[in-house]
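Please open the structure in a viewer and keep the selection panel at hand. The tour proceeds stop by stop, with a selection to make at each one.

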Amino acid sequence: MSELTERTIFEHAEALRKKEYSSVQLTQAYLEQIDKKDKTIGAYITVTADRAIESAKAFDEGRSSDSEISPLAGIPCGIKDNMCTKGIKTTCASKMLGGYIPPYSAHVVEKLEKSGVVILAVNPQLSLVNNLFSIEFKSSTALSEAIIICLLALCNSLNVWKNSSCPFGAVLKN
């Protein structure tokens with residue numbers, strides 16, 4: 001099933017629409033990858049496996065063969081740790097909020113859930129790292145190198161495509 005985790009969102013949306021595989025199969029494939037690799041990568045703060053499987057089952061059972069579905073419906077995703085997710089630990093990567101479980105979801109999370117997205121997990125929130133990284137592009141070369149070294153020291157998770165790097169925002173395969 002790991003070949004499923006190599007496909008793009010567009011490929012998944014098309015395959016789910018054609019019923020080539022189910023959202024449950026897709027969700028299980030991603031959960032297996034998380035189980036295999038996250039101890040090394042540290043890409044998730046909280047994994048919501050039971051909730052994700054339940055959501056994927058509801059998607060699979062609730063659609064008819066000719067029904068129009070949202071392009072994101074049935075697709076597993078992670079939510080950044082700075083967005084409240086009802087019933088899921090949301091810490092903003094802060095020790096002060098270490099045990100916070102919000103009683104509501106952020107508007108964007110509600111919209112994603114309403115569109116049928118399957119929430120797999122909560123991803124680390126690296127806003128401090130991202131803000132410092134954006135400064136790097138406006139600075140001298142020596143300062144840029146110093147900032148990058150500091151960023152790598154601050155980073156708790158690794159880039160999934162290049163484990164020697166820190167995942168500053170969007171992760172590219174190349």
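A residue is called buried when its relative accessible area is under 20%, exposed when that area is over 50%, and partly exposed in between (1.4 Å probe, protein chains only). The structure is a predicted model, in which local features need pLDDT of at least 70 and side-chain atom pairs count only at pLDDT 80 or more, while totals for chains, interfaces and linings use all residues. Residues are numbered from 1 along each chain as its sequence is written, and side-chain values use heavy atoms, with hydrogens and water left out.

**Stop 1: the whole chain**

Begin with the cartoon view. The chain contains 6 helices and 3 strands, and along the sequence they follow the pattern α-α-β-α-β-α-β-α-α. Here helices (H or I, at least four residues) and strands (E, at least two) are DSSP runs, numbered from the N terminus. Of the 174 residues, 36% count as buried. Contact means heavy atoms within 4.5 Å. Among contacts with a separation of 6 or more, 62% are accounted for by residues 24 or more positions apart.

**Stop 2: alanine 29**

Select alanine 29, which is found in helix α2. Is alanine 29 buried or exposed? Its relative accessibility is 1%, so alanine 29 counts as buried. Add threonine 5 to the selection: 24 residues separate the two along the chain, and their C-alpha atoms are 6.6 Å apart. Then select leucine 4, which touches alanine 29 as well as His12, Tyr21, Gln25, Leu26 and Tyr30, when residues up to four places away in sequence are not counted.

**Stop 3: helices α2 and α3**

Two packed helices are described by the angle between their axes and the distance between the axes. Select residues 23-41 for α2 and residues 49-62 for α3; their axes come within 8 Å and cross at roughly 160°. Axes are lines fitted to C-alpha atoms, for helices over the stretch in contact, and angles run from 0 to 180 degrees between N-to-C directions. Angles under 35 degrees count as roughly parallel, over 145 as roughly antiparallel, 65 to 115 as roughly perpendicular and the rest as oblique. The helices α2 and α3 are therefore roughly antiparallel to each other.

To see what makes the contact, show the side chains of Ser23, Val24, Thr27, Gln28 and Leu31 on α2, and of Ala49, Ala52, Ile53, Ala56, Lys57, Phe59 and Asp60 on α3. The residues of this contact comprise 7 nonpolar, 3 polar and 2 charged. In this grouping Ala, Val, Leu, Ile, Met, Phe, Trp, Tyr, Cys and Pro count as nonpolar, Asp, Glu, Lys and Arg as charged, and the others, Gly among them, as polar.

**Stop 4: the largest nonpolar core**

A nonpolar core is a set of buried Ala, Val, Leu, Ile, Met, Phe, Trp, Tyr and Cys residues joined through side-chain atoms within 4.5 Å. In the largest one, of 17 residues, select those with the most contacts inside it: Leu4, Leu16, Tyr21, Leu26, Leu31 and Leu120. The elements giving two or more residues to this core are α1 (9-18), α2, α3 and β3 (118-123). Which element gives the most to this core? Helix α2 does, with 6 residues.

Now centre the view on leucine 26 in helix α2. Leucine 26 has 0% relative accessibility and therefore counts as buried. Beyond four places in sequence, leucine 26 touches Leu4, His12, Leu16, Tyr21, Gly74 and Pro76.

Move next to leucine 120, in strand β3. At 3% relative accessibility, leucine 120 is also buried. Its C-alpha atom is 5.5 Å from that of glycine 78, although the two are 42 residues apart along the chain. Residues touched by leucine 120 include Leu31, Ile34, Val47 and Cys77.

**Stop 5: helix α1 and the loop after it**

Return to α1, whose buried residues are His12, Ala13, Ala15 and Leu16. Their cover includes α2. Then select lysine 19, in the loop between α1 and α2. Lysine 19 has a phi near 60°, a positive value in a residue other than glycine. With a relative accessible area of 46%, lysine 19 is partly exposed.

**Stop 6: alanine 73**

Finish at alanine 73, in the loop between α3 and β2 (76-80). Alanine 73 counts as buried, at 7% relative accessibility. Select glycine 116 too: the two residues lie 43 apart along the chain, with C-alpha atoms separated by 4.0 Å. Beyond its neighbours within four places in sequence, alanine 73 is in contact with Leu16, Phe59, Ser115, Gly116 and Val117.
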